[in-house]
Amino acid sequence: MDDRCDYDDLGKRIAALTEGETDEVALMATLACEIHHSDARFDWTGFYRVTEPGLLKIGPYQGGHGCLVIPFERGVCGAAARTGEVQLVEDVDAFPGHIACASSTRSEIVLPVTDGAGRLIAVLDIDSDRPSAFDARDAEALSAILGSVFGGRALT
Ligand code: SME
């Protein structure tokens, strides 16, 4: 039984909730909440923002404690920021340099977030206590939601 969320519904709900909003933090807080509560696989959901070249700092999130600062050289979040590519990690113990903010995490997906000019502004990190919880369908659907929210408006 595939218990993943209905991404079409989630996308429509987020579009309605964020209509006309351009503030980055307000958008990130709303997406972290809606995405986190949409799927039982998601145990930690949050944004790391690019606050200076090569550095990520924690932004709005849902779940237990999240590490505050991640340089681009480190972790799954750093890899997503450095490469600009989605990181699908089936087993965090097999990912060299994985940063364990929670010992219960088994798998993870991290997606780059860009603005309308294609500038990297953050990464979206989702952790699961289940092994191999994420796949290409999640990557595609979440990328589309991020693109429609952050790529389609002049952020403030
Ligand atoms: N695991 C991430 C760090 C953030 S926590 O998962 C919230 C990483 O390796 O970059």
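This section describes the ligand site of a predicted model and several individual residues in the same chain.

The model is predicted, with local features requiring pLDDT of at least 70 and side-chain atom pairs counting only at pLDDT 80 or more, whereas totals for chains, interfaces and linings use all residues. Residues are numbered from 1 along each chain as its sequence is written, and side-chain values use heavy atoms, with hydrogens and water left out.

The shell around the ligand, in which a residue counts if one of its heavy atoms lies within 4 Å of the ligand, consists of Trp44, Tyr48, Ile70, Gly75, Val76, Cys77, His98, Ile99, Cys101, Glu108, Asp125 and Asp127. By class, 7 of these residues are nonpolar, 2 are polar and 3 are charged. In this classification Ala, Val, Leu, Ile, Met, Phe, Trp, Tyr, Cys and Pro count as nonpolar, Asp, Glu, Lys and Arg as charged, and the others, Gly among them, as polar.

Polar contacts are pairs of N or O atoms within 3.5 Å; within protein, one atom must be able to donate a hydrogen and the other to accept it, and residues adjacent in sequence count only if both atoms are side-chain atoms. An oxygen atom of the ligand lies 2.7 Å from a polar side-chain atom of Asp127. For Glu108, an N or O atom of the side chain is 3.0 Å from a nitrogen atom of the ligand, and for His98 the corresponding distance to a ligand nitrogen atom is 3.3 Å. Of the 310 Å² of accessible area that the ligand has on its own, the protein covers 99%, with areas taken from the Shrake-Rupley method with a 1.4 Å probe and, for residues, only the protein chains shown counting as cover.

Secondary-structure elements are DSSP runs numbered from the N terminus, with helices (H or I) of at least four residues and strands (E) of at least two. Strand E1 (44-52), helix H3 (75-83) and strand E6 (120-128) are the elements that give two or more residues to the shell around the ligand. Helix H3 gives the most, with 3 residues.

His98 is placed in the loop between strand E4 (87-89) and strand E5 (107-114). With a relative accessible area of 19%, His98 is buried; buried means under 20%, exposed over 50%, and partly exposed in between (1.4 Å probe, protein chains only). The C-alpha atoms of His98 and Asp127 are separated by 12 Å, the two residues being 29 apart along the chain.

A further side-chain pair links helix H2 and strand E1. His36, in helix H2 (residues 24-36), makes a polar contact of 2.8 Å through its side chain with the side chain of Thr45. Thr45 lies in strand E1. Both residues of this pair are buried, His36 with a relative accessible area of 13% and Thr45 with one of 0%. Thr45 and Ala32 are 13 residues apart along the chain, and their C-alpha atoms are separated by 5.8 Å.

Two other residues belong to the region that follows strand E6. Ser132 is found in the loop between E6 and helix H4 (136-150) and is partly exposed, at 42% relative accessibility. Although Ser132 is not a glycine, it has a positive phi of about 50 degrees. Most residues other than glycine have a negative phi. Asp138 is found in helix H4 and is buried, with a relative accessible area of 0%. The C-alpha atoms of Asp138 and Phe95, 43 residues apart along the chain, are separated by 19 Å.
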